[in-house]
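Please read the following note with the structure open beside it, and take the numbered points in order.

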Amino acid sequence: MSASEPTTTNAPTLQSLVGNLPYAKGHGTGNDFVLVADPTDQHQLDGHQVAALCDRHRGIGADGLIRAVPSKFLAEGREVLTSSPDAYWFMDYRNGDGSISEMCGNGVRVFVHFLLAEKLVELPVGSQLSIGTRAGVKIVTRLNDGYAVDMGPWEFIFEQAATENGLDSRVSTPGLEKARGALSISMGNPHTVVALANETELENLELFAIPEVLPLPPHGTNVEYVLAANPVVTEGVGSLRMRVHERGVGETLSCGTGACAAAMATRHWAQALDVLQWKVQVPGGELGIEFRLGATGREHVVLSGPAVLVSRGEISAS
């Protein structure tokens, strides 16, 4: 073969991997997703297929894939329906590497926005919709400028160490000279939050590599790096900046459940449990966090922010 002849490859095409597949692309503060409407459960995508679709060089490119499927078609969905029969739609979510995840806070907002665009639901401003996820039912309220999601109660993953010491683990991260103490919080999915001292530390993080977390929560963890504002609270509202390494993805521009965990950890460290409203700046924009007492007496976290659909397409033979 001469130097001028093109090389060939036997790599499978997306069409050969997934067949004909209509999709949309959307994001919530830069956390982006491929979305597939599957009202009759015809597109049961596995991890390999999802990873190919989310590949940013050979696929569509995304932090994860969300399949909109009726809850009745999945075992996890049928379990949700036993306690919440109104949770007709299930958010079947996989990370960009194809691994199954419990749910995604930014993804829930984009998911509901997608259901509206597909005319699969009706949701006037101010109305609520129950969505099934692997982390239970999430109640979504449509706002004038986005969506608010009741993420449910938060909890410490290592409760004794967290309450006694304020820290329960250590995280080693490229770009930081020394391991840092951290706090692990569950929002239905696991998070480990690290406090930073200044903007230089925030900017110098190298989040292309997986941070080392000890002890590691049983199913891995997302790692958030937070820089609290100075002062932390202004006119009753707390604020912080955040970067995140998402489990199964790498660094993303935003993480909704991570923003919830980051606000909770900062609130805990600052001994500001009476501060119920927080603003979290992520590279992709701003998210709102509210702490609110739930019906069972446990404190819930409400996440609010925008949701955008940017394109539509179809995987097909060219």
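1. A residue is called buried when its relative accessible area is under 20%, exposed when that area is over 50%, and partly exposed in between. Arg243, with a relative accessible area of 14%, is therefore buried, whereas Glu251, at 34%, is partly exposed. These two residues form a salt bridge with each other, and their closest N and O atoms are 2.8 Å apart. Please keep in mind throughout that this is a predicted model.

2. For the protein as a whole, 50% of the 318 residues count as buried. The accessible surface comes to about 14600 Å², and carbon and sulfur atoms contribute 50% of that surface.

3. How does the radius of gyration fit with a compact globule of 318 residues? Such a globule would have a radius of gyration near 20 Å, and because the protein has 20 Å, the two agree. The C-alpha trace, followed along its principal axes, spans about 60 × 55 × 35 Å.

4. The secondary structure consists of seven helices and 19 strands. When contacts in the protein with a separation of 6 or more are considered, 63% of them are accounted for by residues that stand 24 or more positions apart.

5. Turning to charge, the protein carries 23 positive and 36 negative side chains, and the centres of these two sets lie 3 Å apart. A search of the whole structure finds 16 salt bridges.

6. One of these salt bridges joins the side chains of Asp38 and Arg67, with an N to O distance of 2.7 Å. Asp38 belongs to the loop between strand S2 (31-37) and helix H2 (47-54), while Arg67 belongs to strand S3 (residues 64-70), so the pair ties together parts that are 29 residues apart in sequence. Asp38 and Arg67 are both buried.

7. Which residue, besides Asp38, should be looked at as a partner of Arg67? The side chain of Asp92 also meets that of Arg67 in a salt bridge, here at 3.0 Å from N to O. This pair again links distant parts of the chain, since Asp92 sits in strand S4 (residues 89-95) and Arg67 in strand S3, 25 residues apart. Both Asp92 and Arg67 are buried.

8. As a last point, please return to the salt bridge between Glu251 and Arg243 and set beside it a wider arrangement, in which salt bridges that share partners join Asp38, Asp41, Arg67, Glu76, Asp92 and Arg134 into one network.

Methods: Residues numbered from 1 in each chain as written. Predicted model: local features only at pLDDT ≥ 70, side-chain atom pairs only at ≥ 80, totals over all residues. Heavy atoms only, no water. Helix = DSSP H or I, 4+ residues; strand = E, 2+ residues; numbered from the N terminus. Rg over C-alpha atoms; globule rule 2.2 N^0.38 Å. Buried < 20%, exposed > 50% of the residue type's maximum accessible area, 1.4 Å probe, protein only. Contact = heavy atoms within 4.5 Å. Areas by Shrake-Rupley, 256 points an atom, 1.4 Å probe, with all protein chains shown as cover. Lys, Arg positive; Asp, Glu negative; His and termini not counted. Charge placed at Lys NZ, Arg CZ, Asp CG, Glu CD. Salt bridge = Lys/Arg side-chain N within 4 Å of Asp/Glu carboxyl O.
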